[in-house]
Amino acid sequence: MQEIKESPSTAPRIPADAIAVIPVRYLVLFPGTIVPISLGREASIAAAQEAVRAECPIGLLLQQDSDLEKPSADQLFQVGTLAGVLRYITSEEGSHYMVCQGEQRFRVKEFLDGYPFFVARIERLGEEDESAPDIQARMLQLRQRTAEIVELLPQASAELSAATQNVDSASALGDFVAGLLDLNLEQKQDLLETGDLRRRLDKILELVGSRIEVLRLSHEITAQTKERMDDRQREYLLREQLKTIQKELGESEGGADAERLQAALLKAGMSEEADTHVRKELQRLERMPEAAAEYAMLLSWLEWMTSLPWSARSEENIDIGHARRILDGDHFGLDKVKRRILEHLAVRKLNPHGKSPLMCLVGPPGVGKTSLGESIARATGRKFVRVSLGGVHDEAEIRGHRRTYVGAMPGNIIQSLRRAGTRNCVMLLDEIDKLGAGGHGDPAAALLEVLDPAQNATFRDHYLGEPFDLSDVMFIATANMLDALSGPLLDRMEIIRLPGYTEEEKTQIAWRYLVPRQRETAGLSAAQCELAGDVIHALIGDYTREAGVRQLEREIGNVFRHVAMRIAEGEAGPIAIDAATLPAILGPRRFENELALRTALPGVATGLAWTPVGGDILFIEASRTPGHGKLILTGKLGDIMKESAQAAFTLVKAQCETLGIDARVFEDNDVHVHVPAGAMPKDGPSAGVAIHVALCSLLTGRPVANDCAMTGEISLRGMVLPVGGVKEKVLAAMRAGIRRVMLPARNRKEMEEIPEEVRNALEFIWLERVEDALSAAVGGPR
């Protein structure tokens, strides 16, 4: 292997059977071809100058690796081309160039040492006899194929076509065509090394044939493209003329709207089906003048479609600790609801692709159902939107109108998603129990698809006309009572009940949230108004009687507004407010403890009732008058409560002997059972125990204990059956000053839901039979 020596300034003369060799990177020179070559390496410059000085040809050999700066002899191909140096040029910048013409192929026999450049003994490769018929036939075919290429090349000149036709030698024609073809270095070197003329011509014919097919396809594609471009130019010209005509007529085309919608469509990321539909309608809009009747309708539909969050999502960074702090900071109590939300977040963190829950928060007004939805959105890092369903009686409010109608709009679900701007928002369906069915369909039935995880991924709003994926939305519904909801709708939601607050919970909520908020609303500072510790307890006990805290907040606001008025009139602060000053501000006490007065007479019992606004106490009054044994019921009682009273009356008759009651009393007297607050409708079986105790108290002449209240359904056998709403009823008893509460024994399992401070403050009596209630309330039979 020969190494190039760069240092010697003088070198021995090259033998007659050897030549100077220049390695080239990206060039394969065929005999008969003239090319310029740039010389950059010192060895190559020295070799070229020696060839010019000796007036002898120089050899060009292709490097096997084009990236090598100093290749060795065994890194060069062994077949190259002898080239005569037609001209050697040195520029002012010091660059060296030479113009070479290929003369003959050669093969390296050996490289010689002792020169500052490559020197090799070579074997000149001659051509065989070209007069053979098969060679002439190949030459004729190659000339015809070359003519076809020249015709397909748009940049080919007439001189090139004439040059190919005037070449007489088959080998020269082959080398000339090989130099014209767009081949890679490996293909060109292979043709140069192919010594057999027939094989070489066959290879060139094959390459020429492939090139002709490529050029034909390219020509066809170019023609088709030009035809389309001509059509587009024609369409553009016609559109410009149409714009000019419309401008002269005082009309204008919606080009600006179309461009704006086109840009919005690219960002929308909608489904393939919806994208195809929108693009089709957008093309209609582009061809439609603004004066057309359908233009505004179509434009509105396109704006809705392109502005919906088809793919936009809020980034969820679930941190259980952070979520717990938000829920605890925004709401006092409600441990069960908070735990359920944190469970969902934990599942969401472990399974990000799971379906969102469909929760329904059920409870009396003012317990924080709506505000809890906002806290859930903050805890989950999602956007929050509220959909008020109270009074909705049209199915189109949920599913939208078809866009062909005048003034059509999407339903509330799609409108809320557009406001949210994300497809994974928290959507609060407020007051879902206030939905009403009218003459335009049933909106509750329309919600079935919205709230069904198996269907809402393809929810179809009538206005959009395309399915929209609601599976990522976290739906939270609120309701005061579930009686008005259909079974299928309830089946799609997880019911979470929010009972009323205890007095202690109300006190904590007032000091933590209500007082600061109302003080800020009134424009007061803490230094201007001082509330004594007994104010909140007085407001809760004397001026409000509710399960929630809404009325309590109003009364706190009334107090602060009174203080604000006094300060605005010039009175100097701070102004102290205590329980004794409340009557001067709010008026006399609205609620008083009437238990001692109501239960001082025989025939009066205190029951416990459940209402949509929480638990309440219920007075049952019984009286007898001369008559014929009839049972008279008043107080706007429902059918179930009337049947419960009839069962209690029958049970008293059956137990006359045990209770020490003369049976003839039923023959000579009518019994009247009345439930005060007659304007309020009342129903349900849970007053059975209270009615029975009231009747026994009346007929035995013994009053009911004034510190107990009771609830429970009775049977004709004297059994006490379980009832619902135990927690709400117990809280109502606590608010009313009751100390003993009688409950069905089968409801003992619900004791865990009652707050601990309430369990500690009350005495619970568990009833298996009505005799247990009589024993605790009136001292049992005589």
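Modeller: Contact here means heavy atoms within 4.5 Å. The model is a predicted one.

Colleague: Leaving aside neighbours within four places in sequence, which residue of strand 12 that is in contact with Ile-432 stands opposite Cys-360?

Modeller: With those neighbours left out, the contacts of Ile-432 include Cys-360, Ala-477, Thr-478 and Ala-479. Strand 12 covers residues 474–479 and runs parallel to strand 7, joined to strand 7 by 5 bridges. The residue opposite Cys-360 in strand 12 is Ala-477.

Colleague: Which residues point the other way from strand 7 than Leu-358, Cys-360 and Val-362?

Modeller: In a regular strand, side chains alternate between the two faces of the sheet. Strand 7 spans residues 358–362, and 5 of its 5 residues are buried. Leu-358, Cys-360 and Val-362 point one way, and the other way point Met-359 and Leu-361.

Colleague: Which residue in strand 13 stands opposite Val-362?

Modeller: Strand 13, residues 494–497, pairs with strand 7 in the parallel sense over 4 bridges. Opposite Val-362 in that strand is Arg-497.

Colleague: Which helix gives the most residues to the largest nonpolar core?

Modeller: That core has 55 residues, and Met-427, Leu-429 and Ile-432 touch the most other members. With 7 residues, the element that gives the most to this core is helix 9, residues 295–307.

Colleague: How many residues are in the other core, the one with Ile-318 and Val-535?

Modeller: Nonpolar side chains tend to be buried together in soluble globular proteins. The other core lies apart from the largest one, and Leu-327 and Val-426 are also among its members. Its number of residues is 48.

How values were computed:
Residues numbered from 1 in each chain as written. Predicted model: local features only at pLDDT ≥ 70, side-chain atom pairs only at ≥ 80, totals over all residues. Heavy atoms only, no water. Buried < 20%, exposed > 50% of the residue type's maximum accessible area, 1.4 Å probe, protein only. Helix = DSSP H or I, 4+ residues; strand = E, 2+ residues; numbered from the N terminus. Pairing = 2+ DSSP bridges. Core = buried A, V, L, I, M, F, W, Y, C linked by side-chain atoms within 4.5 Å.
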